[in-house]
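Here is a short report on one structure. Have the sequence and the model open while reading.

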Amino acid sequence: MNLFTDWQITGLAVANIQDFVRLLQFPFMQRAIAGAVLMGILGGLLGCFVTLRQLSFFSHAVGHAALVGVALGVLLQLNPTWMLLPFSLVFGVIVLYLIDKTDLASDSVLSIVLSGALAIGVILASLIKGYRGNLMGVLFGDILAIDNTDLILTLLVLIGSSLFLLSTLRQQILLTLNADVAQVQGIPVQLYRYGFVVLLSLAVAVAIKAVGVLLVNAFLVIPASTAKLISHHFTRFLVLSVIIGSSSSFVGMMVSGMFNLASGPSIVLVQFLVFVAVFIWIKLTMKAA
């Protein structure tokens, strides 16, 4: 009985691999894998600064507020992607401005703005009649639906982020460690802060189509957090975060294709399992030492 079951499992696995190889021949699957890897690199790059600057809740708020932009796009009969990008950008800048100009704690401001944006988004969504596939895609993601325009947008955000962060890496590190010292040394702190928020908002916007509002924050937080467990040296931390983000996205797409699972959640699940494995490995290594 056990032997028969093993043969069944083996046959199923072979069938799945063969189906996945055939699936790779389709352009939509090739675009999805390319998009996942690009978003993994982007998430790993920005995620380092997100985690160190404690901006994970900020990206979470921007992601959830994106529902308003998409609902507006559907109501105005415009491409939701083209509404999502400017709305996320404006929302992120406004939130940072409110944090700077009020005496409230940043998490309080984020909670208030997030709650208001969600309320507006739900009300706008209730006004949409008929098919609501765009809204479902925003909530849960559909990486198989990304097109060449999405790939180009993701690549442009990745190039912009790389140029901005890597060309000013020393200043960015100092700003991350101590903003007051950076200000004293003549670094344009506000310019760099708002520049990073613009890139972060755009990254969240382009990643939403792949993993959805509910999971977009994982792209930014989990790979960087996993890399931080391994190394505290910033350069290695940055490189590891990018590697983990891109490779876990690729593996997640393979798992999704072979077992016919939702792509976005599969990627995030792989990232989560890698985090757990690294955490256990480090704890066991520390005990052995």
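Is Asn 260 buried or exposed? Asn 260 is exposed, at a relative accessible area of 73%. The model is predicted, and the values below are computed from it.

**Overall fold**

The protein chain has 13 helices and 0 strands. Its elements run α-α-α-α-α-α-α-α-α-α-α-α-α from the N terminus. Of its 289 residues, 44% count as buried. Contacts reach far along the sequence: among those between residues at least 6 apart, 75% join residues at least 24 apart. The accessible surface comes to about 14,800 Å². Carbon and sulfur atoms hold 71% of that surface.

**Nonpolar cores**

The largest nonpolar core has 65 residues. Phe 58, Phe 91, Ile 143, Phe 196 and Met 253 have the most contacts inside it. Helices H2 (27-52), H3 (56-75), H4, H5 (106-126), H7 (148-167), H10, H11 (216-230) and H12 (234-259) each give two or more residues to this core. A second, separate core has 6 residues, among them Leu 175, Ala 182, Ile 187 and Val 189.

What does Phe 58 touch, leaving aside its neighbours within four places in sequence? Phe 58 is in contact with Gly 92, Val 95, Leu 96, Leu 110, Val 197, Leu 200 and Ser 201.

**Aromatic pairs**

The structure holds 6 aromatic pairs. One of them joins Phe 234 and Phe 237: the ring centres are 5.9 Å apart and the planes stand at 80 degrees, so the pair is edge-to-face. Both residues are buried. They sit 3 residues apart in helix H12, separated by about one helical turn. Ring pairs also link these two with Phe 49 and Phe 196 into a cluster. Phe 196 is also listed among the residues with the most contacts inside the largest core.

**The salt bridge**

How many salt bridges does the structure hold? There is 1 salt bridge. Arg 193 forms it with Asp 100, and the closest N and O atoms are 3.0 Å apart. Arg 193 lies in helix H10 (residues 189-211) and Asp 100 in helix H4 (residues 80-101), so the pair ties together parts that are 93 residues apart in sequence. Arg 193 is partly exposed, at 23% relative accessible area. Asp 100 is partly exposed too, at 29%.

**Loops and surface**

Most residues other than glycine have a negative phi. Gln 54 is not a glycine, yet has a positive phi of about 55 degrees. Asn 260 also has a positive phi of about 55 degrees without being a glycine. Gln 54 lies in the loop between H2 and H3. Asn 260 lies in the loop between H12 and helix H13 (263-288).

The surface also carries a nonpolar patch of about 470 Å², made by Leu 75, Leu 76, Leu 78, Ile 123 and Leu 127. Leu 78 is placed in the loop between H3 and H4.

The table lists these three loop residues by accessibility.

| Residue | Loop | Relative accessibility | Class |
|---|---|---|---|
| Gln 54 | between H2 and H3 | 71% | exposed |
| Leu 78 | between H3 and H4 | 46% | partly exposed |
| Asn 260 | between H12 and H13 | 73% | exposed |

Why does Leu 78 count as partly exposed? Its relative accessibility is 46%, and the partly exposed class lies between the buried limit of 20% and the exposed limit of 50%.

Note on methods
Residues are numbered from 1 along each chain as its sequence is written. This is a predicted model: local features need pLDDT of at least 70, side-chain atom pairs count only at pLDDT 80 or more; totals for chains, interfaces and linings use all residues. Side-chain values use heavy atoms; hydrogens and water are left out. A salt bridge is a side-chain nitrogen of Lys or Arg within 4 Å of a carboxyl oxygen of Asp or Glu. Helices (H or I, at least four residues) and strands (E, at least two) are DSSP runs, numbered from the N terminus. Buried means under 20% relative accessible area, exposed over 50%, partly exposed in between (1.4 Å probe, protein chains only). A nonpolar core is a set of buried Ala, Val, Leu, Ile, Met, Phe, Trp, Tyr and Cys residues joined through side-chain atoms within 4.5 Å. Contact means heavy atoms within 4.5 Å. Accessible areas come from the Shrake-Rupley method with a 1.4 Å probe; for residues, only the protein chains shown count as cover. Patches are made of residues with over 30% relative accessible area and no salt bridge: like charges are joined within 9 Å, nonpolar side chains (Val, Leu, Ile, Met, Phe, Trp, Tyr) within 5 Å. Rings of Phe, Tyr and Trp (its six-membered ring) pair if their centres lie within 6.5 Å; planes under 30 degrees apart count as stacked, over 60 as edge-to-face and the rest as tilted.
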